[in-house]
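Grab a pencil and work through these exercises with the model open beside you. Try each task on your own before you read its solution.

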Amino acid sequence: MSRSQNEEFQQWWNKQRDRNNHDVLYTGDDEAFLTVEIRTPATVDPDKDRIRTRTARQLSRLYLLKFKQLASSFVWIGNSFLYLIRTANRRIANDNPPSVSSSARLYRLIKGFLVVVVLLLCFELAAYFKGWHFTPPSVASAEVAVEVVYAWWLEIRASYLAPPLQSLTNVCIVLFLIQSVDRLVLVLGCFWIKLRRIKPVASMAYPTKLVGEGVRLEDYPMVIVQIPMCNEKEVYQQSIGAVCMLDWPRERMLVQVLDDSSELDVQQLIKAEVQKWQQRGVRIVYRHRLIRTGYKAGNLKAAMNCEYVKDYEFVAIFDADFQPPADFLKKTVPHFKGNDELALVQTRWAFVNKDENLLTRLQNINLSFHFEVEQQVNGVFINFFGFNGTAGVWRIKALEDCGGWLERTTVEDMDIAVRAHLCGWKFIYLNDVKCLCELPESYEAYKKQQYRWHSGPMQLFRLCFFDILRSKVSVAKKANMIFLFFLLRKLILPFYSFTLFCVILPLTMFFPEANLPSWVVCYIPGIMSILNIIPAPRSFPFIVPYLLFENTMSVTKFGAMISGLFKFGSSYEWVVTKKLGRSSEADLVAYAESGSLAESTTIQRSSSDSGLTELSKLGAAKKTGTTKRNRLYRTEIALAFILLAASVRSLLSAQGIHFYFLLFQGITFVVVGLDLIGEQVS
């Protein structure tokens with residue numbers, strides 16, 4: 001370094017020293033070497049030192065606080081996990097289905113399936129991280145025993161397991177497409193009915209004015225109104241009150257309260273309600289069977305065996321939670337006039353609690369499609385559909401002609417409808433006449449209801465198959481009843497729904513040689529869900545939960561179908577759907593607010609004397625009732641793990657649509673299995 005450069009550097013360094021309050025001493029005159037001594041300033045600012053000390057102390061306290069929060073989080077997670085395990089064990093211990101039931105058999109099969117899926121997932125994960133998927137070793141060159149086993153597995157999977165799985169997949173896809181075409185035809189038929197404004201038209205109409213103002217009593221046929229019930233103390237008042245207020249001459253109507261309750265206090269409550277209406281001049285009787293066999297069918301059969309039934313021409317049936325409108329009989333009975341071949345007039349259900357929770361919203365989608373599309377299209381074009389068991393009027397002669405109520409299945413309504421159709425009788429469906437009723441708000445009640453609704457048709461199909469073949473109806477009607485009414489809509493639908501989306505789809509993730517196209521997994525189900533949701537347009541925001549929940553319910557429907565088809569003992573069990581009395585409470589409030597209702601010499605409209613007092617009693621009874629707990633559904637939980645494991649396997653294969661479907665479907669099974677859908681209890 002030259003002397004001039006050294007002097008310039010020395011001046012620059014001195015400026016830096018003055019700026020930083022440092023003492024710098026240059027020693028030596030040698031141009032090649034420069035000795036620099038840096039000294040600590042003689043005076044140190046005490047404030048800066050305190051700030052540094054305080055900052056260090058604050059940081060230590062902050063880290064200590066963070067550590068405590070992290071430790072608390074781990075403790076909370078641990079306690080929550082232990083609580084979840086204890087709760088699960090308690091719920092499983094309290095949920096012991098009979099070992100002979102189809103549900104127990106199905107659960108054991110699914111549990112074995114889960115073990116196989118978990119083992120396959122572990123095997124595939126090991127192969128993925130070892131790279132065997134990319135360079136699968138041959139048996140001859142493999143040096144590790146696991147690699148040899150994996151090589152054997154690849155050969156067996158491709159040669160022996162994937163082909164039959166692909167064949168089963170193709171069969172289910174064909175069934176899926178056939179059922180989708182059937183659904184599309186029904187929707188197009190409904191559009192045609194709306195476009196052409198087709199609806200049943202009665203040959204006469206009853207005037208709105210009351211009897212006694214120029215209207216003869218003889219114009220009103222004799223009608224029996226039956227209300228079968230069993231231990232339904234939450235809703236008995238609503239049905240009895242609504243039926244007793246029907247706009248029909250008292251002399252031409254008889255109300256039968258068919259009480260099959262096993263609880264003595266419920267019997268006393270229903271008797272008291274019947275006596276209140278008797279005191280108001282309503283012709284109403286209370287019947288209780290000592291030998292309660294045959295469930296609802298046995299109850300109705302016993303009521304129809306009464307001696308005075310021969311004096312009546314029609315019978316209207318309402319379940320305990322139904323509230324028919326006052327003009328129900330005036331809108332339904334006229335359709336029988338001049339139509340001697342007509343056996344049944346069915347009306348639509350309307351739901352007072354359809355917006356109560358997610359479960360009721362999803363049920364409303366299904367039932368809206370059933371009534372708006374299925375029942376209406378079949379009623380207009382075929383004059384046959386399944387009787388819904390309530391909110392309908394039967395010609396008593398038609399009931400007697402087809403053999404009356406039989407106790408051989410748990411779907412007595414469908415049974416008598418099939419037999420009446422085989423005898424040549426016709427049905428009419430009225431979509432514009434609605435009866436208020438209540439949807440089950442808990443998953444437990446809904447699951448039991450669906451189990452009965454899907455096991456009963458298979459029982460009936462076994463029993464009446466040869467009767468259909470021997471009947472005198474046309475070949476077209478026989479084909480419609482066998483292939484469409486029973487096989488396609490009652491057997492094939494739950495079969496392919498469960499098999500395709502809960503069994504085949506997870507397996508194809510572990511058997512990649514068998515392919516399930518994306519349009520089967522996503523696009524076609526999405527289109528079908530849109531078609532199903534059209535009759536309930538307000539439910540469009542719930543289209544994705546609806547699709548996932550329907551697949552979740554397929555396990556219950558499949559088990560019920562198998563149970564009814566192969567005569568398992570559980571298929572003959574009848575469980576009354578639990579009601580909460582929502583519509584009953586609304587009626588009582590409305591009665592209390594409206595005060596006394598108008599009375600006349602022929603139609604007497606009145607509410608129960610109980611009014612708000614009974615409402616408060618009902619609320620108190622609910623509060624003091626036994627505490628319920630959410631259940632844990634083992635089958636749904638096991639299927640959730642199967643689907644989630646398959647989603648992990650699909651993620652390794654980078655299958656986007658399959659992964660997302662399996663993930664969200666598995667989460668849905670978890671939510672349902674933990675009983676987190678519907679009414680929430682303790």
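**Exercise 1. Decide whether helix α5 is enclosed by the rest of the structure or open to the outside.**

Solution. Keep in mind as you go that this is a predicted model.
- Step 1: Find the helix, which covers residues 236-244.
- Step 2: Go through its residues using the cut-off for buried, under 20% relative accessible area. The ones that pass are Tyr 236, Gln 237, Gln 238, Ser 239, Ile 240, Gly 241, Ala 242, Val 243 and Cys 244.
- Step 3: Draw the conclusion. Nine of the nine residues of α5 are buried, so the helix is largely enclosed by the rest of the structure.

**Exercise 2. Work out which residues touch the most other members of the largest nonpolar core, and which parts of the chain feed that core.**

Solution.
- Step 1: Start with the contacts. The core has 147 residues, and those touching the most other members are Ile 240, Leu 329, Trp 394, Val 418 and Phe 486.
- Step 2: Look for the top contributor. Helix α13 (residues 475-510) gives the most, with 17 residues.
- Step 3: Check the domains. Domain 1 (107-198 + 441-591 + 633-681) and domain 2 (223-440) each supply at least three residues to this core.
- Step 4: Link back to Exercise 1. Ile 240 from the list of contacts is also one of the buried residues of α5.

**Exercise 3. Compare three salt bridges: for each one, find the distance and say what is known about how buried or exposed the partners are.**

Solution. The count for the model comes to 20 salt bridges, and here are three of them.
- Step 1: Take Glu 273 and Lys 276, whose closest N and O atoms are 3.9 Å apart. That makes the cut, because a salt bridge needs these atoms within 4 Å. The two residues sit three apart in helix α6 (residues 264-279), so about one helical turn separates them. Glu 273 is buried, at 2% relative accessibility.
- Step 2: Move to Lys 310 and Glu 307, with 3.0 Å between the closest N and O atoms. Lys 310 is exposed at 58% relative accessibility, and Glu 307 is exposed too, at 59%.
- Step 3: Now try Arg 419 and Asp 415, whose side chains meet at 2.9 Å, N to O. They are four residues apart in helix α11 (residues 412-422), which again means a separation of about one helical turn. Both are buried: Arg 419 has a relative accessible area of 11%, while Asp 415 has just 1%.
- Step 4: Some salt bridges share partners. In that way Lys 194, Arg 348 and Glu 372 are joined into one network.

**Exercise 4. Find the residues that make up the nonpolar surface patch of about 510 Å², and say which helix gives the largest share.**

Solution.
- Step 1: Pick out the members: Leu 184, Leu 188, Phe 191, Ile 530, Ile 534 and Phe 540.
- Step 2: Match them to helices. Helix α4 (residues 145-196) gives the largest share, three residues. Ile 530 belongs to helix α14 (residues 518-533).
- Step 3: Classify one member. Ile 530 has 38% relative accessibility, so it counts as partly exposed.

**Exercise 5. Three loop residues: where does each one sit, and how buried or exposed is it?**

Solution.
- Step 1: Arg 197 is in the loop between α4 and β3 (223-229). Its phi is positive, about 55°, although it is not a glycine. At 73% relative accessibility, Arg 197 is exposed.
- Step 2: Asn 383 sits in the loop between α9 and β8 (392-395). This residue also has a positive phi, near 60°, without being a glycine. Its relative accessible area of 26% makes Asn 383 partly exposed.
- Step 3: Asn 357 is in the loop between β7 (342-351) and α9 (358-381). With 13% relative accessibility, it is buried. Asn 357 and Ile 677 are 320 residues apart in sequence, yet their C-alpha atoms are 8.1 Å apart in space.

**Exercise 6. Check how helical two of the transmembrane regions listed by UniProt are in the model.**

Solution.
- Step 1: Read the record. The unreviewed UniProt entry lists several transmembrane regions, including 632-651 and 657-677.
- Step 2: Residues 632-651 are 90% helix and 0% strand, with end C-alpha atoms 29 Å apart.
- Step 3: Residues 657-677 are 81% helix and 0% strand, and their end C-alpha atoms lie 25 Å apart.

Conventions:
Residues numbered from 1 in each chain as written. Predicted model: local features only at pLDDT ≥ 70, side-chain atom pairs only at ≥ 80, totals over all residues. Heavy atoms only, no water. UniProt positions renumbered as here; feature names shortened; annotations may be inferred. Patch = residues over 30% accessible without salt bridge, like charges linked within 9 Å, V, L, I, M, F, W, Y side chains within 5 Å. Areas by Shrake-Rupley, 256 points an atom, 1.4 Å probe, with all protein chains shown as cover. Buried < 20%, exposed > 50% of the residue type's maximum accessible area, 1.4 Å probe, protein only. Core = buried A, V, L, I, M, F, W, Y, C linked by side-chain atoms within 4.5 Å. Domains from an automatic or database assignment.
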